[in-house]
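Visitor: I've got a protein model open and don't know how to read it. Could you walk me through a few features?

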Amino acid sequence: MTGRDAQPPVIELRQAALTYPGPAPVRALLPCDLTIQRGEFITVVGPSGAGKSTLLNVLGLLDSPTEGVYLLDGMDVGGLRDAERTALRGQRIGFVFQSFHLMPHRSALENVALALAYRGIPRRERMSRARQALDRVGLAHRLHAMPTKLSGGECQRVAIARASVGSPSLLLCDEPTGNLDTSTADSILCLLDELHRTGMTIVVITHDPVVAEHGERTVTVRDGAMSESVRV
Ligand code: ADP
């Protein structure tokens, strides 16, 4: 067995399910198994209300399954306290959202460097790593631009640099091209493909079949239940 084979999957859900409490509980995610190995590119599709966001919240440690087990990098995250969960999320998961969520009064460079702020990395190194991350997404020439001066595609590149600068175990993208025109969306998908080729593990949630095709595997969520198709 090689060192790579010996690594645990990035994601392992074992009969994980989530029911929202309430006067009328909602069974948003039915018991499901899902394994995502290091370096895989998975897309998640399904109609509105199917449970995609619930799955994203579970995978992203924003919510805990109410049944079953979730192992992240082989670690059972079920019993973690909120502070531990938040710390783990900051270290292991990079988020990319449809609406970018950049800090408007900080430059591209500062937005990316801030993602490393709570890791005890000296400022000089934070800046250097942020520069490298922005270079990787093709924005070496826009380091000091404010988000208001950047196009939608450039903002999403900054967001991807921010999400990936800390070398997370998982890049979790929620409709990453939802706010972009077709050609800009294509360039963002090419960028995700490039990151995938460097070995990054990527999960993209989308309702767009073109985006879904970029995954090696596609998980379909319907009425809280998951089914899978593998692309050949
Ligand atoms: P999708 O992202 O695929 O549109 P969601 O995961 O947002 O679907 O929702 C799945 C189901 O869970 C829906 O029936 C939705 O109404 C319900 N739901 C989502 N969030 C909550 C919540 N906080 N409390 C109760 N029900 C919720």
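Guide: Let's start with the biggest pocket. Helix 3 (82–92), strand 6 (93–97), helix 4 (108–114) and helix 6 (152–164) each give at least two residues to the lining of the largest pocket. Helices (H or I, at least four residues) and strands (E, at least two) are DSSP runs, numbered from the N terminus. One thing early on: this is a predicted model, where local features need pLDDT of at least 70, side-chain atom pairs count only at pLDDT 80 or more, and totals for chains, interfaces and linings use all residues. Residues are numbered from 1 along each chain as its sequence is written, and side-chain values use heavy atoms, with hydrogens and water left out.

Visitor: Which helix supplies the largest share of that lining?

Guide: Helix 3, with five residues.

Visitor: And what counts as a pocket?

Guide: On a 1 Å grid over the protein atoms alone, a pocket is an open set of points where a 1.4 Å probe fits, with protein on both sides within 12 Å along at least five of seven lines; lining residues have an atom within 4 Å of a point. Grid points are joined across faces, edges and corners, and the volume is the space filled by probe spheres set on the points. Here the largest pocket has about 680 Å³. Of its 24 lining residues, Gly-90, Ile-93, Phe-95, Ala-115 and Arg-162 are the closest to the centre.

Visitor: How much space is in the second largest pocket?

Guide: About 210 Å³. Its lining has 14 residues, and the closest to the centre are Arg-136, Ser-164, Ser-167, Pro-168 and Met-200. Helix 5 (residues 123–136) gives the most to this lining, four residues.

Visitor: Now a strand. Is strand 3 mostly covered or open?

Guide: Buried means under 20% relative accessible area, exposed over 50%, and partly exposed in between (1.4 Å probe, protein chains only). In strand 3 (residues 41–45), five of five residues are buried. Phe-41, Thr-43 and Val-45 point one way, while Ile-42 and Val-44 point the other.

Visitor: Which strands pair with strand 3?

Guide: Two strands pair if DSSP finds at least two bridges between them. Strand 3 runs parallel to strand 8 (residues 202–205), with four bridges, and Thr-43 stands opposite Val-204 there. Four bridges also join strand 3 to strand 9 (residues 217–222), again in parallel, and Val-44 has Val-219 as its bridge partner.

Visitor: How do I check a helix's length?

Guide: The expected span is 1.5 Å times one less than the number of residues. Helix 7 (residues 182–197) has 16 residues, so it should span 22 Å, and its end C-alpha atoms are indeed 22 Å apart.

Visitor: What covers the buried residues of helix 7?

Guide: Buried residues there include Ile-188, Leu-192 and Leu-195. Among the elements covering the buried residues are strand 3, helix 5 and strand 8.

Visitor: Which residue in the loop between strand 9 and strand 10 should I look at?

Guide: Try Asp-223. Its phi is positive, about 50°, although it is not a glycine. Asp-223 counts as exposed because its relative accessible area is 67%.

Visitor: And Leu-143, buried or exposed?

Guide: Leu-143 is buried, because its relative accessibility is 13%. Leu-143 sits in the loop between helix 5 and helix 6. Leaving out residues up to four places away in sequence, it touches Ser-107, Ala-108, Leu-109, Arg-131 and Leu-134, where contact means heavy atoms within 4.5 Å.
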